[in-house]
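User: I am new to this structure and would like to go through some of its side-chain pairings and contacts. Could we take them one at a time?

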Amino acid sequence: MGQVEAITQREIAADPEDVFDALADYTGTRRQLLPEHFSEYEVREGGDGKGTLVHWKLQATSKRVRDCLLEVDEPTDGQLVEKDRNSSMVTTWVITPAGEGRAKVVVTTTWQGAGGIGGFFERTFAPKGLGRIYDSLLANLAAHVEK
């Protein structure tokens with residue numbers, strides 16, 4: 001078994017606080033940003049940043065669906081961490097200033113991958129697929145906050 005990591009980033013023409021607030025709003029905005037790979041979205045506790053418990057199914061491929069139950073934390077300013085209770089998956093969102101009225105968003109997802117040949121394929125292809133999914137989400141985020 002080895003750790004698998006997928007990183008996606010984007011600069012957005014909006015104030016970093018507005019970008020963070022949009023991502024942390026699990027009861028409203030976040031639901032609107034999710035691409036078609038996410039289904040069965042449900043906020044079970046909280047709804048705004050730290051203390052939120054949110055559920056969704058993530059369909060990474062036609063055959064691979066991950067049932068996620070995520071606890072949200074805000075360990076530092078500009079950072080959201082989503083830890084999956086159902087697996088080793090952790091997604092960290094970091095929003096930092098990128099010049100006047102601009103934000104840089106970096107999303108990193110890590111998990112313990114499978115061993116053997118299956119693990120090789122997972123480490124090779126899963127980060128690219130997940131990167132495309134999060135790139136779509138970041139494009140939706142940009143369209144939402146750049147209005």
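Analyst: This is a predicted model, and a good place to begin is the exposure of a single residue. D73 is partly exposed, with a relative accessible area of 31%.

User: Which residue forms a salt bridge with D73, and where does that residue lie?

Analyst: D73 itself belongs to strand β4, which covers residues 65-73, and its partner is 23 residues apart from it, in the loop between β2 and β3. That partner is exposed, since its relative accessible area of 56% is over the 50% cut-off. The closest N and O atoms of the pair are 3.9 Å apart, within the 4 Å that a salt bridge requires, and the residue in question is K50.

User: How far apart are the closest N and O atoms of the salt bridge between E71 and R85?

Analyst: The pair links distant parts of the chain, with E71 in strand β4 and R85 in the loop between β5 and β6, 14 residues apart. E71 is partly exposed at a relative accessible area of 35%, and R85 is likewise described as partly exposed, at 47%. The closest N and O atoms of this salt bridge are separated by 2.4 Å.

User: Which residue forms a salt bridge with E40?

Analyst: E40 sits in strand β2 (residues 38-45), while its partner sits in strand β3 (residues 53-59), 17 residues apart, so that the pair links distant parts of the chain. The partner is partly exposed, with a relative accessible area of 24%. With the closest N and O atoms 3.6 Å apart, the residue that pairs with E40 is K57.

User: How many salt bridges does a search of the whole structure find?

Analyst: Side chains of opposite charge can pair when their charged atoms come close. The pairs of D73 with K50, E71 with R85 and E40 with K57 are among those found. For the whole structure, the search gives a count of six.

User: Is T110 buried or exposed?

Analyst: T110 is part of strand β7, which runs over residues 103-112. Beyond residues up to four places away in sequence, T110 touches Q3, V4, E5, S88, M89 and V90. Because its relative accessible area of 17% is under the 20% cut-off, T110 counts as buried.

User: Which residue's side chain is joined to that of Q9 by a polar contact?

Analyst: Q9 lies in strand β1 (residues 3-12) and, at 47% relative accessibility, counts as partly exposed. Leaving aside residues up to four places away in sequence, Q9 touches K104, V105, V106 and L138. The polar contact between the side chains spans 3.4 Å, and the residue at its other end is K104.

Technical notes
Residues numbered from 1 in each chain as written. Predicted model: local features only at pLDDT ≥ 70, side-chain atom pairs only at ≥ 80, totals over all residues. Heavy atoms only, no water. Salt bridge = Lys/Arg side-chain N within 4 Å of Asp/Glu carboxyl O. Helix = DSSP H or I, 4+ residues; strand = E, 2+ residues; numbered from the N terminus. Buried < 20%, exposed > 50% of the residue type's maximum accessible area, 1.4 Å probe, protein only. Contact = heavy atoms within 4.5 Å. Polar contact = N/O pair within 3.5 Å; in protein donor to acceptor, adjacent residues only side chain to side chain.
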